[in-house]
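Visitor: I like to see the reasoning behind each label. Could you walk me through this one, value by value?
Guide: Gladly; here it is, and then you can start asking.

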Amino acid sequence: MIYLTLLFGFTHIHMKKLFKLQLLLLIYMAAFGCVHQTDKSGTQQGHLDGASWIGDGVELPVVDSLYYEDDPSPIFRREFDIEEKIESATLYITAAGYYVATLNGNRIGNLQLDPAWTDYSKRIYYSEYDVTSAILDGGNCMGVSLGNGFYNPLPMRMWGSRNLRNSLPVGRPVFIARLVIEQKDGPTLEIVTDQSWQYAYGPVIRNSIYLGEVYDAKREIPGWNQAGFDASDWKNAAISTSPGGVLQKAFFPPILATDTIDPVQISSRGDKRYIVDMGVNFTGDYRIKLRGNRGDTITFRFGERVYDHGELNPMTTVCGQIKGKGVGGPGAPDTAWQTDSYIVGDGGERWYNPEFTFHTYRYMEITGLENKPNISDIQGIALNSRVANRNHFTCSSHLINSIQDASERTFLSNLIGVQSDCAAREKFGYGGDLNATSEAFICNFDMQSFYRKTIYDWVDALNDSLFVDTAPSVGIKYCGLSWESAFLTTQYYLYLYYNDTEIIRELYDLDIQWMEKAARIHPGGIVDQGLSDHESLEPVPVELTGTGHYLQCAQIMEEFARVMGDTERMNTYRELAEDLRSKIAALYWDQPVTGNINRQTLFATLLYHDIVPENEKVAAVDSLLSALEDGPSGHLSTGIFGTKYTLEALSRAGHSDAVFDVVNSTSYPGWGFMIDRGATTIWETWKESDNTYSNCHPMFGSVSQWLYQWLGGIRPDPAYPGFARFHLSPSIPPGLDSMKCNYISPQGEIISSWSKEGQDQVVFDFTVPENSVAMVKLSADTFRHLTITETRSGKTYTPDQATINSGEFDLHPGEYHITATGL
């Protein structure tokens, strides 16, 4: 188990725990079909048995500035003959970096930006393709093109100092592949990566996940990936050192082109420049029909905004705030904006689609075209990890529907193998954003396998002495427990929403070690270092939010210990939670809190984490309502955590109407203000930014969770994980006439809808899936009579007066039409 400490990131493990972790690791790897024994040469046994990592063997530059010069991407080929009829053909392939594979000139599969980003020194996921139909009788040829991805990033100094090459495992892009061909009457044939492959350099002469791609069509090599091509002047591939990571078959949604977006307007700016408005902000790339003279360079720049005078504003998407000469280091551009270039070759009109980069943009600036392009010449291509998207929310408020659309678009734009905070400026998987929005993502999409991958990214990022902020780790160690605790909270949400106990059993020992680390870093219990309520409009002490997350982790571990039958630790974590709750109360509830502090986040945090004694909660809720009223425009002034907490705390206390008034408003600050200002994705800040802050940031997307769980009323019950029993308690605020949403639970589809009929009647339609029970709670003070009809049987009945008075009753599997009258 030579990879044990690499995989789990801990270097000090007792021998007894080491044995347990070895056993758990073997179980995990076997479960995913990836028990590959790795010898010192890096040869993998399993689906990639016998294959070697290969590349072009070129040494990396020794001077940073040289990384910015042309560096054509290598292309590889391997011919083989088929003389017998075949039963099947399966390709297993991955890369450190990105790859595109072809068979007989045709692209294999539709995956984009594959493999998904990981710590390549810890684990690398490979993909499997059925290529049976692509195999020809006689001569065949496999082709592979490589891109840099996160394995060979530019040495740009983000924020003037952070060079990813100092934090990530890096190297020249390499790949490994094995093609297995089962013949009907002959032996099984295997084509593996080795020195028999040949390589040359293709038309992609630069590629960066941040700065974009340069494509020189003059360098295209027609027919290079087809049988019979004359490759006599190509070189043999070089056997490369393995990046080090254990090879595992991908089990999560791949990155795909999931939507196409047509421009809404193209304007001429003079001097062969044009601004293309795609209508919405999104992450992906594009297809464009190009024409020009050989050697012409056509340049594309991208931005989320345009200036008032109509010119492109790329500044909110600039990589790492590199916006001045010398900031990015030797060779870096003065401004690190998103840019692609296409150099025209022969052959007349061509379609161009960049391969090894992705951008976040609404607007595209094109420079170098002789004539204005037609709208039909350009197509935006949205890219994201293809999470199942079968949950939907809609209501009678156009503004709220627009907020939900923007939230969903923002979420998908930040699912490119990792859940990023912004898909342009950084592209990193920050834990704080996970803590704030993972439930909102789950409300919208099936996140189970994606979040499993996310958790393993955190496993690989952890160390035993410091907290890290992102997974995969990029070396940032500033934000503290509220960020790294996403490793634990994400496990909990897989348990709560999907009843995933396997992840608990698999990582329980590591979870215990993480809690021990937290205790070492914060021996007094109070979290006194790190980032607090990021982007709050008023100060928030980390002692409040950070210790709140520590309390949440203790409660999670109490539940995990119960699942594991570990009574001793269950009691230990319960005592820890009680101690932390008392310490937070002593600082922020038992005595007056004075000074400059965001009182919305203060009271919302106390209520969300159940710190306030039961008999004093009314006072805390009143204080929160008062703080909301005192906020700008009577709106939220909260940040990354306080926003979620406030929406939840007020709604739990029966004040969803107050939340609705904030959400359904265009006043500043708020989501409606963003929409009113033209936003189609959620901003990083309440204040509008045209220079610094991302305009496509999931952080404030917790509002989408509120729409599903409080307007829609569909909420999990922690006592019944996986929706064996769940809450169905929609809110019916004044000013909203109807709502409909559905949620695909592990038990099946849940539907919640309601509409107001006239002045004194509300009609509900609910669907409860098999093997589930809905615990319904309606606002009993708003009606005097209930009629329930079982839609399938047609049976109608009226509940007893006690049920009507309480508004609480259970619904078993079925479809129901409920009429409430006497409002």
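Visitor: Why is Val-62 called exposed?
Guide: In this predicted model, Val-62 has a relative accessible area of 79%. The cut-off for exposed is over 50%, so Val-62 earns the label. You will find Val-62 in the loop between strand S1 (54-55) and S2.

Visitor: What makes a nonpolar surface patch there, and which residues form the patch?
Guide: The patch is made by Val-62, Val-63 and Leu-66, and covers about 280 Å². Membership asks for over 30% relative accessible area, with nonpolar side chains joined within 5 Å. Val-62, at 79%, passes the area test.

Visitor: Which residues form the negative surface patch?
Guide: Asp-81, Glu-83, Glu-84, Glu-87, Glu-182 and Asp-185 form that patch. Asp and Glu count as negative, and like charges are joined within 9 Å.

Visitor: How do you know whether Glu-83 is buried or exposed?
Guide: Its relative accessibility is 75%. Exposed begins over 50%, so Glu-83 counts as exposed. Glu-83 sits in the loop between strand S2 (74-82) and strand S3 (86-96).

Visitor: What makes Glu-349 and Arg-291 a salt bridge?
Guide: Their side chains meet with an N to O distance of 2.9 Å. The rule asks for a Lys or Arg nitrogen within 4 Å of an Asp or Glu carboxyl oxygen, so this pair qualifies. The two residues link distant parts of the chain, 58 residues apart. Glu-349 is in the loop between strand S24 (339-343) and strand S25 (350-352), while Arg-291 is in the loop between strand S20 (273-290) and strand S21 (297-303).

Visitor: Why is each of these two partners called partly exposed?
Guide: Glu-349 has 46% relative accessibility, and Arg-291 has a relative accessible area of 33%. Buried means under 20% and exposed means over 50%. Both values fall in between, so both residues are partly exposed.

Visitor: What makes Asp-346 and Arg-294 a salt bridge?
Guide: The closest N and O atoms are 3.0 Å apart, and the limit is 4 Å, so the pair counts. Asp-346, in the loop between S24 and S25, is 52 residues from Arg-294, in the loop between S20 and S21. Asp-346 is exposed at 51% relative accessibility, since the threshold is over 50%. Arg-294, at 48%, counts as partly exposed.

Visitor: Where does the salt bridge of Asp-457 and Lys-453 lie?
Guide: Both residues are in helix H5 (residues 448-461), 4 residues apart, about one turn of the helix. Their closest N and O atoms are 2.8 Å apart.

Visitor: Are those two partners buried or exposed, and how do you know?
Guide: Asp-457 has a relative accessible area of 3%, and Lys-453 has 0%. Buried means under 20%, so both partners are buried. Elsewhere, salt bridges that share partners join Arg-269, Arg-273, Arg-301, Glu-311 and Glu-365 into one network. By this rule the count comes to 43 salt bridges.

Visitor: Why is Phe-723 called buried?
Guide: The relative accessible area of Phe-723 is 1%. The label needs a value under 20%, so Phe-723 is buried. Phe-723 lies in the loop between strand S29 (714-716) and strand S30 (725-728). Beyond its neighbours within four places in sequence, its contacts include Tyr-497, Tyr-743, Pro-746 and Ile-750.

Visitor: What makes the phi of Asp-271 worth pointing out?
Guide: It is near 55°, a positive value in a residue other than glycine. Most residues other than glycine have a negative phi. Asp-271 is in the loop between strand S19 (265-270) and S20. At 70% relative accessibility, Asp-271 is also exposed. Ser-633 has a positive phi too, near 60°, and is found in the loop between helix H12 (617-630) and helix H13 (642-652).

Visitor: Which omega value goes with the cis peptide bond from Ala-471 to Pro-472?
Guide: Omega is near -5° for that bond. Most peptide bonds are trans. Pro-472 is in the loop between H5 and helix H6 (481-484). Another cis peptide bond joins Tyr-668 and Pro-669, with omega about -5°.

Notes:
Residues numbered from 1 in each chain as written. Predicted model: local features only at pLDDT ≥ 70, side-chain atom pairs only at ≥ 80, totals over all residues. Heavy atoms only, no water. Areas by Shrake-Rupley, 256 points an atom, 1.4 Å probe, with all protein chains shown as cover. Charge placed at Lys NZ, Arg CZ, Asp CG, Glu CD. Buried < 20%, exposed > 50% of the residue type's maximum accessible area, 1.4 Å probe, protein only. Contact = heavy atoms within 4.5 Å.
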